[in-house]
Amino acid sequence: MKDEESGNRLGSYLRARRALVSPAQAGLPPGGNRRVPGLRREEVALLAGISADYYLRLERGRDKNPSPQVLESLARVLQLDDIERTYLLGLAAARPTSPRRKRPERVPARVYELLAHLQIPAFVEGRAFDVLASNPMAVALSPRLRPGQNRLRSLLLDPEEQAFHQDWTKATADFVAALRTTIGDDTDDPRFVELVGELALSSQRFRTLWARHDVRSLDGGTTTVHHPVVGELRLHRDKLPIDDVILVVYYPDKDSDSDEKLRLLAALSHTESAGMAHDRPADDPHSKTP
């Protein structure tokens with residue numbers, strides 16, 4: 001993370017990505033006595049059609065304004081997908097000269113009403129995967145979806161959340177890559193700095209994934225989880241932007257085995273949640289999770 005802290009995010013990203021492309025993938029002979037994983041600097045420069053000296057300057061942060069043509073060539077050599085290519089181009093874009101003031105993340109009142117009416121697991125998350133509000137079905141699905149929890153922290157550090165996911169390895173890779181995408185150039189945002197610092201100290205898995213510089217979108221999809229009461233659930237996920245926050249909903253295929261199990265979960269949790277309307281706003285002291 002040294003380059004990122006010093007402001008050389010472009011160089012850090014280029015180095016991390018070339019380490020993930022093998023000579024064979026790039027159409028080069030493997031050769032012997034390779035001291036670095038992936039491609040050498042000279043190989044990237046050759047394949048991109050730029051000088052080795054210029055590429056070295058890019059990695060070391062001595063040239064922070066490469067042309068779009070150079071970046072497109074590097075994206076091709078490093079075999080970046082559309083999201084990764086956009087991220088690379090963004091690293092070299094002009095930065096604002098003064099810090100941008102972030103508005104606090106607040107859940108609109110109408111969203112609390114929506115959560116109260118939804119009969120499927122639904123919750124609201126912030127940009128750093130903080131749970132800001134949730135309905136009883138979300139909490140019945142996972143207690144880690146209570147307001148005040150952080151989904152990425154739970155995923156990496158909570159053994160129950162690790163057991164909850166059928167493919168924990170993929171889930172962690174997706175979440176960390178999505179966090180890097182969300183951060184973008186907001187590297188001085190206090191919430192991001194706090195979360196990344198905490199996880200870097202407490203999770204080897206996070207340190208390994210963060211060093212890869214993967215970027216990914218974590219929007220719609222399908223996941224399989226293991227609920228301790230009703231068993232395996234196959235659920236679709238959709239993320240719906242509302243103002244400055246994201247509404248996340250999980251739902252099964254209609255009349256599927258998972259649909260039946262989710263109805264059972266709703267019935268089992270009904271007594272416990274009876275009399276509870278919906279979670280109060282995060283700034284209400286009664287809504288804080290111990």
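1. What is the handedness of the crossing of H3 and H5? In this model, which is predicted, the crossing of H3 and H5 is right-handed. Helix H3 covers residues 41-48 and helix H5 residues 68-77, and the two pack at an angle of about 115 degrees, with their axes 9 Å apart. On the side of H3 the contact is made by Val-44, Leu-47 and Ala-48, and on the side of H5 by Ser-73, Leu-74, Arg-76 and Val-77. Sorted by class, the contact of H3 with H5 has five nonpolar residues, one polar residue and one charged residue.

2. H3 also packs with helix H4 (residues 52-59), at an angle of about 115 degrees and with the axes 9 Å apart. The crossing of H3 and H4 is likewise right-handed. Here Arg-41, Val-44 and Ala-45 of H3 meet Ala-52, Tyr-55, Leu-56 and Glu-59 of H4, and the residues of this contact divide into five nonpolar, no polar and two charged. Val-44 is worth locating in the viewer, as it appears in the contact of H3 with H5 and again in the contact of H3 with H4.

3. Turning to the interior of this region, Leu-71 lies in helix H5 and, at 4% relative accessibility, counts as buried, because the cut-off for that class is under 20%. Leaving aside residues up to four places away in sequence, Leu-71 touches Pro-66, Leu-88, Leu-89 and Ala-92. Of these partners, Leu-89 is 18 residues from Leu-71 in sequence, yet their C-alpha atoms are 6.6 Å apart in space.

4. Two residues other than glycine deserve a look at their backbone. Gln-79, in the loop between H5 and helix H6 (82-91), has a phi near 60 degrees, which is a positive value, and at 40% relative accessibility this residue counts as partly exposed. Asp-243, in the loop between strand S4 (231-242) and strand S5 (245-251), has a positive phi near 55 degrees. With a relative accessibility of 56%, Asp-243 counts as exposed, because that class begins over 50%.

5. A buried polar residue is the next item. Asn-150 is placed in the loop between helix H8 (136-141) and helix H9 (151-157), and its relative accessible area of 1% makes it buried. The side chain of Asn-150 makes a polar contact with the side chain of Asp-130, at 2.9 Å. When residues up to four places away in sequence are not counted, Asn-150 touches Ala-128, Phe-129, Asp-130, Arg-191 and Leu-195.

6. Aromatic rings form the next topic, and a pair of them is described by the distance of the centres and the angle of the planes. The count of aromatic pairs comes to four. In one of them, the rings of Phe-129 and Phe-175 have their centres 4.9 Å apart and their planes at 50 degrees, so this pair is tilted. Phe-129 sits in the loop between strand S1 (122-125) and strand S2 (131-134), whereas Phe-175 sits in helix H11 (residues 168-183), so the pair ties together parts that are 46 residues apart in sequence. Both residues are buried, Phe-129 with a relative accessible area of 3% and Phe-175 with one of 8%. Phe-129 also links this point to the previous one, being among the residues that Asn-150 touches.

7. Why is the pair of Phe-206 and Trp-210 classed as stacked? The ring centres of Phe-206 and Trp-210 are 5.3 Å apart and the planes stand at 20 degrees, so the pair is stacked, the cut-off for that class being under 30 degrees. The two residues are four apart in helix H13 (residues 204-212), so about one helical turn separates Phe-206 from Trp-210. Phe-206 counts as buried at 0% relative accessibility, and Trp-210 is buried as well, with a relative accessible area of 5%.

8. Some totals place these details within the whole chain. The protein has 14 helices and five strands, and of its 290 residues 46% count as buried. Among contacts between residues at least 6 apart in sequence, 55% join residues at least 24 apart.

Key. Residues are numbered from 1 along each chain as its sequence is written. This is a predicted model: local features need pLDDT of at least 70, side-chain atom pairs count only at pLDDT 80 or more; totals for chains, interfaces and linings use all residues. Side-chain values use heavy atoms; hydrogens and water are left out. Axes are lines fitted to C-alpha atoms, for helices over the stretch in contact, and angles run from 0 to 180 degrees between N-to-C directions. A crossing is left-handed if the near helix is turned anticlockwise from the far one by less than a right angle, and right-handed if clockwise. Contact means heavy atoms within 4.5 Å. Ala, Val, Leu, Ile, Met, Phe, Trp, Tyr, Cys and Pro count as nonpolar, Asp, Glu, Lys and Arg as charged, and the others, Gly among them, as polar. Buried means under 20% relative accessible area, exposed over 50%, partly exposed in between (1.4 Å probe, protein chains only). A polar contact is a pair of N or O atoms within 3.5 Å; within protein, one must be able to donate a hydrogen and the other to accept it, and residues adjacent in sequence count only if both atoms are side-chain atoms. Rings of Phe, Tyr and Trp (its six-membered ring) pair if their centres lie within 6.5 Å; planes under 30 degrees apart count as stacked, over 60 as edge-to-face and the rest as tilted.
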